[in-house]
Amino acid sequence: PFTYPADSDPYPGKPSVFTRKAPYQFGWDIAPSMPGCGIWRPVRLEIRTGPVLEDGWVETVAVEPDSASVVLHGTLTGGQGWTHHLSWRIGEWSGSTRLEATDSLTTFALPLRLPHPRLWWPAGTGDAYLYPVEVRISSPAGEDRLAWKTGIRTVRLERLPDPWGTSFRFVVNGQPLFLAGANWVPADMFPGRITEEKYRHLLGLAAGAGMNMLRVWGGGIYEHDLFYQLADSLGLVIWQDFMFAGTMYPAHDPFLQNVAAEAEDQVRRLRRHPSVALWCGNNEIEVAWKNWGWPASYHYTPDIRQRMEADYRTLFHELLPAIIARQHPGTDYLPSSPVSNWGTREELDHGNNHFWGVWHGEMPLDSLRTRIPRFMTEYGMPSWPTWESLLRCTAPEDLFPGREAVLFRLRSYKGPGLYQRYLTWENLDDGTDLRTWIGAGHEVQRRALETAIRAHLADRPRCAGTLLWQFNEPWPGATWSIVDYYGHPKPAWHTVRDLYRTAYR
């Protein structure tokens, strides 16, 4: 009996709230509304006899100076009623045991001690070392094999009172680290057409820019297996959002059952990757409910507000953390990002922050020097694609300032007027031709990111991380990306590279 506050969704009834599809496809300030349909990943039917190793992963419980305590987890289906021979190998270590399969689904957890292991470290802080893992099962009922790569590491998110307020920093293998990176969004409006080559190119550019963390943003998709494999090998720590963003959600039983199946599947799929260090329930919902005026602007009655808040707690404070505790123990969970609002200086002392005083708050770039949170999870400045990219998606007769085909590519509600004002405030000559105008915008973006990153680095250890918004983009638009849709780095990418590479020297 009410409308959900999905402001980016232009359709009656807000179908993005109820449809478990990528939110950005219904429209965002980085993309037009282009919701796709159909199955966009491979589908196959498997008919198997005998035992099947469904999945496996290695949990690092603790690392010591001379050893690591790990648990080898796995799931066996079929083969019930048999005693199986289970053998395993992690790098140079190996062993075997007997496994009684009493039910159609049997789980096992083997505690192991690995002497003198090479640890997995984020890029810039050590080697992202990976061990090959192999598990075999055999019995008169049949045999099966599972193989993957893993890294031995511990990662904890520390949120504790300290002299500055409340910390928000990642501790890897017992060492508190400053992490530098960006927010990752889907690389296409229709993610089924993202190629392996594009994933390799984009993640290579992220590593080449000195990044060691990517946040998989909650308005997008759970990324392809290859994305996480590349992150493992490149030492890119993954902050993994669940795919909820920009609105409240229902919590009736059919919806919760659907979400539970989704979350269980994704957590089981991704938990074997050492790069996956944090699960986050949603993007900006909690800060929006408290600070963006949704209850007033949508005229929610007290009863409706109470119901929506209860549904929120059910989904993000009960269902999802319970799944993480059960399926990915030892991994931290954050109900929502950010923890603090950017509107007041006091909140910058507590937890992570999405600072949008620049652009949305129309504050000058200099505010990025002083508005520094404990961990900066979003900040940035939009700019148009590179000129060579714009030529690929715009007719020559439309390549002039003010033309609708050009302005259409800026999806922000702030519009081109604010973009122009930032050029003026920065004393940049935007000229009379489109190429000069776009180049001036690239320079504003470059200055904004340079100002922010220098301030974040100078404020260490109080500030424990910086993730610019955004790394890539799903279509050739005027977005906050530093690499455009066609994979061309903007000028800001080079500045980010030069600054991030100094973070660990």
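**Entry 1: two odd backbone angles**

I started at Asn427, which counts as exposed because its relative accessibility is 70%, and the cut-off for exposed is over 50%. I'm working from a predicted model here. What drew me to Asn427 was its phi, which is near 55°, a positive value in a residue other than glycine. I found Asn427 in the loop between helix H11 (415–425) and H12.

Next I looked up Lys14, also not a glycine and also with a positive phi, of about 50°. Lys14 sits in the segment before helix H1 (15–18). Is Lys14 buried or exposed? I noted 13% relative accessibility, so Lys14 counts as buried, the limit being under 20%.

**Entry 2: cis peptide bonds**

I went to Pro338 and found that the bond joining Ser337 to Pro338 is cis, with omega at about 10°. Pro338 belongs to the loop between strand E17 (332–334) and strand E18 (352–354).

I then checked Arg460 and Pro461, where the peptide bond is cis too, with omega near 5°. Pro461 lies in the loop between H12 and strand E20 (465–468). While I was there I followed the side chain of Arg460 and saw that its charged end sits over the ring of Phe178, 5.4 Å from the ring centre.

**Entry 3: the nonpolar cores**

Which residues touch the most other members of the largest nonpolar core? I wrote down Met211, Leu214, Phe242, Phe244, Phe471 and Ile482, out of 114 residues in that core. Helix H12 (residues 434–458) gives the most to this core, with 11 residues.

There's another core apart from this one, and I counted it in at 46 residues, among them Leu119, Phe168, Val237 and Leu278.

I picked Leu214 for a closer look. Leaving aside neighbours within four places in sequence, I have Leu214 in contact with Ala182, Trp184, Leu203, Ala206 and Phe227. The rest of my list for Leu214 reads Leu236, Val237, Ile238 and Trp239.

**Entry 4: aromatic rings**

How many aromatic pairs does the structure hold? I put down 38. I took Phe168 and Phe375 as one example: they form a tilted pair, 5.5 Å centre to centre, with 55° between the planes. This pair links distant parts of the chain, with the two residues 207 residues apart. I located Phe168 in the loop between strand E10 (165–166) and strand E11 (169–172), and Phe375 in strand E19 (residues 375–378). Phe168 is buried, with a relative accessible area of 1%, and Phe375 counts as buried at 0% relative accessibility.

For a second example I chose Phe244 and Tyr249. Their ring centres are 4.9 Å apart and their planes are at 90°, so this pair is edge-to-face; the cut-off for that is over 60 degrees. Phe244 and Tyr249 are both buried. Phe244 has another partner in my notes: the charged end of Arg20 sits over its ring, 4.0 Å from the centre. I'd already met Phe244 among the residues that touch the most other members of the largest core.

I also looked for a cluster of rings and noted one made of Phe2, Tyr4, Phe18, Trp289, Tyr298 and Tyr300.

**Entry 5: cysteines**

I searched for disulfides and came back with zero. For Cys463, which is in no disulfide, I looked up the nearest cysteine sulfur and got that of Cys280, 18 Å away. A disulfide needs the two sulfur atoms within 2.5 Å. Cys463 is buried, with a relative accessible area of 1%, while Cys37 counts as exposed at 80% relative accessibility.

**Entry 6: strand E2 and its partners**

My last stop was strand E2 (residues 67–77). How many of its residues are buried? I noted 10 of its 11, so E2 is mostly covered.

Which strands does E2 pair with? One is strand E1 (residues 52–64), which runs antiparallel to E2 and is joined to it by 11 bridges. I traced one of these contacts and found that Ala62 has Ser69 in E2 as its bridge partner. Between the two strands I saw a hairpin, joining E1 to E2 through two residues.

I found E2 paired with strand E5 (residues 105–115) as well, in the antiparallel sense over 11 bridges. Here I noted that Ser67 has Pro115 in E5 as its bridge partner.

Technical notes
Residues numbered from 1 in each chain as written. Heavy atoms only, no water. Core = buried A, V, L, I, M, F, W, Y, C linked by side-chain atoms within 4.5 Å. Buried < 20%, exposed > 50% of the residue type's maximum accessible area, 1.4 Å probe, protein only. Helix = DSSP H or I, 4+ residues; strand = E, 2+ residues; numbered from the N terminus. Contact = heavy atoms within 4.5 Å. Phe/Tyr/Trp six-rings, centres within 6.5 Å; stacked < 30°, edge-to-face > 60°. Lys NZ or Arg CZ within 6 Å of the ring centre and 35° of its normal. Pairing = 2+ DSSP bridges.
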